[in-house]
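Open the model in your viewer and set it to show side chains as sticks. The stops below say what to select and what is there.

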Amino acid sequence: MHSYQVLITLGNRQRAVMSGIFSSDCAAIDMAFLIYEDEGVLAAVPRRREVA
């Protein structure tokens, strides 16, 4: 499990940021698409964060 920050671009050109702990990059992206399903996600870019 890794800590991620996911940068999301929505269909109405707004941007969102989601943080969480996921097992992989794909799991983080899938969750972004699931959570923002109604807004129409155009892009989701996972960034792995270092945990001290």
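Select Arg 48 and Asp 25, whose side chains meet in a salt bridge with 3.7 Å from N to O. A salt bridge here is a side-chain nitrogen of Lys or Arg within 4 Å of a carboxyl oxygen of Asp or Glu. Arg 48 lies in strand β3 and Asp 25 in helix α1, so the pair ties together parts that are 23 residues apart in sequence. Helices (H or I, at least four residues) and strands (E, at least two) are DSSP runs, numbered from the N terminus. By the salt-bridge rule the count comes to one.

This is a predicted model, in which local features need pLDDT of at least 70 and side-chain atom pairs count only at pLDDT 80 or more, while totals for chains, interfaces and linings use all residues. Residues are numbered from 1 along each chain as its sequence is written, and side-chain values use heavy atoms, with hydrogens and water left out.

Are the two partners buried or exposed, or partly exposed? Arg 48 is partly exposed, with a relative accessible area of 48%, and Asp 25 is partly exposed at 36%. Buried means under 20% relative accessible area, exposed over 50%, and partly exposed in between (1.4 Å probe, protein chains only).

Next, colour the strands. In which order do the three strands form the open sheet? The order is β2-β1-β3, and the pairing is antiparallel. Two strands pair if DSSP finds at least two bridges between them. The edge strands are β2 and β3 (41–49), and each pairs on one side only. From one strand to the next, the twist averages 25 degrees. Axes are lines fitted to C-alpha atoms, for helices over the stretch in contact, and angles run from 0 to 180 degrees between N-to-C directions.

Now show β1 with β2: eight bridges join these antiparallel strands. Thr 9 stands opposite Arg 15 in β2. Add helix α1 (residues 25–35), which packs on the sheet and touches β1, β2 and β3. The direction of α1 makes about 140 degrees with that of β3. Contact means heavy atoms within 4.5 Å.

Move to the turn of the hairpin that β1 and β2 form, with four residues between the strands. Arg 13 in this turn has a positive phi of about 70 degrees. On the other side of the pairing, eight bridges join β1 to β3, which run antiparallel. Gln 5 stands opposite Arg 47 in β3.

Select Ser 3, found in strand β1 (residues 2–10). Ser 3 counts as buried at 12% relative accessibility. In β2, the bridge partner of Ser 3 is Ile 21. Leaving aside neighbours within four places in sequence, Ser 3 is in contact with residues including Gly 20, Arg 47 and Val 51.

Ala 16, in strand β2, also counts as buried, at 14% relative accessibility. With neighbours within four places set aside, Ala 16 is in contact with Val 6, Leu 7, Ile 8 and Tyr 36. Measure from Ala 16 to Ala 32, 16 residues apart along the chain: their C-alpha atoms are separated by 9.7 Å.

Finish with Leu 7, Val 17 and Val 45, which form a nonpolar patch on the surface with about 220 Å² of accessible area together. Val 17 lies in strand β2 (residues 15–22). Patches are made of residues with over 30% relative accessible area and no salt bridge, where like charges are joined within 9 Å and nonpolar side chains (Val, Leu, Ile, Met, Phe, Trp, Tyr) within 5 Å. Accessible areas come from the Shrake-Rupley method with a 1.4 Å probe; for residues, only the protein chains shown count as cover.
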